[in-house]
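Student: I've got a model open and I'd like to know what backs up the labels people put on it. Can we go through them?

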Amino acid sequence: NSYNTRERMNANMLSTRSSQHRGFTLIELLVVITIMGLLILTGLYTFGRSMQQVRLQMSVEQVASALRFAQGQVKSGQMTATGEIICRGYMFEAGGEEYWAVIAPVLSNGTCDLGSNPGSGPVTAFSVPYATGVEVATEGLVTDGTNGLVANTILFEPPMGRVYFVDGNGEVSDATEFSLTFLYALADYPMERVLTVNRSGQITY
């Protein structure tokens, strides 16, 4: 009897060890693979969203820096290579993926030449692209004042950095601020940042 009891105990121990060392079933493997796949997809989506936000923020900060640089140049009396003092600024196109540096002559009365004479007025110097996928919203280019003009150009006048909001015809808007809405066009759902320049030349975003 004792022998049979020991045999049964040994058999039970072997059975227990065997069950402890058995492999994963197919269902268990599928569950693990599915969970891992979901975690990877979530991580990739989060990373992608972060990169989109970074590109959007980079574009806004790039434009803000460019405007501050132009403002600083006119306040410091920066001249052209030919010794001219000029107005400096930037032009933006609704729905565009780039913006343009703009310069304009200074008239004898000290104001920016906005195109009152044929062949005069602001001219574009060079273009600067936004980060990949970023553009200015069509409805984001807003500077409506009481005169109903929608400007697309910001100009700074020397020597104090007076701000002009100018439309495509050289007319000056009397709006109190110029707003740009930046969109990440490739995002799954809208991502935007707004940059604003007021009449005193203060830039916020």
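Student: Which residue in β7 stands opposite Val136?

Tutor: That's Phe182. Keep in mind that we're looking at a predicted model.

Student: How do you know that β4 and β7 count as paired?

Tutor: Pairing takes at least two bridges between the strands. β4 and β7, the latter covering residues 177–184, have three bridges in the antiparallel sense, so they qualify as a pair under that cut-off.

Student: What makes the sheet with β4 an open one, and which strands stand at its edges?

Tutor: The order is β4-β7-β8-β9, with antiparallel pairing. β4 (134–136) and β9 (203–204) are the edge strands; each has a single partner strand, so one side of each is left without a neighbour in the sheet.

Student: Why is Ile85 called partly exposed?

Tutor: Buried means under 20% relative accessible area and exposed means over 50%. Ile85 comes out at 39%, which lies in between, so "partly exposed" is the label that fits.

Student: Where does Ile85 lie, and which residues does it touch?

Tutor: Ile85 lies in the loop between α2 (26–75) and β1 (86–92). Leaving out residues up to four places away in sequence, Ile85 touches Met79, Val106 and Pro158. What makes those count as contacts is having heavy atoms within 4.5 Å. There's also a C-alpha separation of 9.5 Å between Ile85 and Glu157, which are 72 residues apart along the chain.

Student: How do you know that β2 pairs with both β1 and β3?

Tutor: Same test, at least two bridges. β1 and β2 (residues 98–105) have seven bridges, while β2 and β3 (residues 123–129) have six. Both pairings are antiparallel, and both bridge counts meet the cut-off, so β2 is paired with each of them. For examples, Met91 has Trp100 in β2 as its bridge partner, and Ala101 has Phe126 in β3.

Student: Which residue in the hairpin of β1 and β2 takes a positive phi?

Tutor: Gly95, with phi near 80°. That hairpin has five residues between the strands.

Student: What is the pattern of helices and strands along the chain?

Tutor: Read along the sequence, you get α-α-β-β-β-β-β-β-β-β-β, made up of two helices and nine strands.

Student: And how much of the chain counts as buried?

Tutor: 34% of the 205 residues, going by the under 20% cut-off for relative accessible area. The chain exposes about 12,400 Å², with carbon and sulfur atoms supplying 58% of that.

Conventions: Residues numbered from 1 in each chain as written. Predicted model: local features only at pLDDT ≥ 70, side-chain atom pairs only at ≥ 80, totals over all residues. Heavy atoms only, no water. Helix = DSSP H or I, 4+ residues; strand = E, 2+ residues; numbered from the N terminus. Buried < 20%, exposed > 50% of the residue type's maximum accessible area, 1.4 Å probe, protein only. Areas by Shrake-Rupley, 256 points an atom, 1.4 Å probe, with all protein chains shown as cover.
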